[in-house]
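Student: I have this model open and would like a close look at a single part of it. Could you walk me through the sheet and what lies across it?

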Amino acid sequence: MNTNKKYKDSVFTRYFSDKHKLRLLYNALENTNYGEETEINIITLEDVLFMNQKNDICFTIDNKFIILIEHQSTINNNMPLRCLLYIAREYEKLIDKNIVYRSTLQKIPTPHCYVLYNGIRNYPKEKILKLSDAFLVEQNPPELELTVKVININYKENHSIVQQCQYLKEYSYFIAVVRAYLEKGFELNDAIIQAVKICIDKNVMKEFLEKNSSEVINMLFTEFDMDTAIEIWKDEGRKEGIEKGRKEGIEKGRKEGIEKGRKEGFTRGEIKKQIEIAKNLLAILDIKDVNMISKATGLSIEEIKKLM
């Protein structure tokens, strides 16, 4: 449905699909100081990969850099590979494909790839994901590389980049308020509605929320509902894995126990037999030489003395 496709944009994508906000966001990410005169072109791709997936935000700045930003609440370690596919498609759009067959070097915008993480699981403030980590055969140095910087934008993390970009800070706070109400036991829909009211009252994302309140509620409901489904799926997977491991451990332990019992039973039977031989040597043949009996039975001298 078209509505669901729109919701895939997410509140983050809708909120930051604005040239002014993207300029300030880029300045925070790269510690630059581009002004309002700097050209920004939003070139976000849709339906790039299978299953109608799309990248969240992509734009060029000053015609020198191409910035690809993904917003995620669940870390995907395949992001370098996805970004490689995204960037390749972007270059196809930006460049005349006939140019690549000419001998003159074609200059292209320098790429920057980011994942802005705001999930509930603990994650470092920053982490670099590398395409080369996925290679079946390690290369040093790798012949092809693409790095993705993951930045934890959760409000409680207080990352310097979040503090430097007011729009990112407000978005981070908004999500934190939604989660705070969920922790208080509110239903998802009610938590989002309360967060929207609180943020409007506090002048946080006010203009955006006032203009798009119903869409924000619907989009965020879909996002959080999907996040919950993913977390449940993961937890169920972990529980199934634990249960399977427990059953396999019990079965393995049972088999090992049987084997150990068999060996121990065999050993005990052998010892019992040797003791009977030693008793016969002592009683029937009246042999008192413990060394001789020890050699004949394999029992220790002390064991034989106890029998005596």
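Tutor: Happy to; here is the sheet, strand by strand, followed by the helices lying across it.

This is a predicted model, in which local features need pLDDT of at least 70 and side-chain atom pairs count only at pLDDT 80 or more, while totals for chains, interfaces and linings use all residues. Residues are numbered from 1 along each chain as its sequence is written, and side-chain values use heavy atoms, with hydrogens and water left out.

Helices (H or I, at least four residues) and strands (E, at least two) are DSSP runs numbered from the N terminus, and two strands pair if DSSP finds at least two bridges between them. On that basis, 6 strands make an open sheet of mixed pairing, ordered E1-E2-E3-E4-E6-E5. Its edges are strand E1 (40-42) and strand E5 (126-130), each pairing on one side only. From one strand to the next, the twist averages 25 degrees; axes here are lines fitted to C-alpha atoms, for helices over the stretch in contact, and angles run from 0 to 180 degrees between N-to-C directions.

Let's settle on E4. Of its 8 residues, 6 are buried, leaving E4 mostly covered; buried means under 20% relative accessible area, exposed over 50% and partly exposed in between, with a 1.4 Å probe and protein chains only. E3 and E4 run parallel, joined by 8 bridges, and Phe65 has Thr110 in E4 as its bridge partner. Between E3 and E4 the chain passes through H4, giving a right-handed β-α-β crossover; right-handed means that, with the strands pointing away from the viewer, the path from the first strand over the helix to the second runs clockwise.

E4 also pairs with E6, again in the parallel sense, over 4 bridges, and there Leu116 has Ile151 in E6 as its bridge partner. Moving on to the edge, E5 and strand E6 (residues 147-152) run antiparallel and are joined by 5 bridges. Lys130 stands opposite Thr147 in E6.

Now for the helices, where contact means heavy atoms within 4.5 Å. Helix H3 (residues 19-30) lies across E1, strand E2 (57-61), strand E3 (65-72), strand E4 (110-117) and E6, at about 90 degrees to E4. Helix H4 (residues 79-94), the helix of the crossover, lies across E2, E3, E4, E5 and E6, and runs at about 140 degrees to E3.
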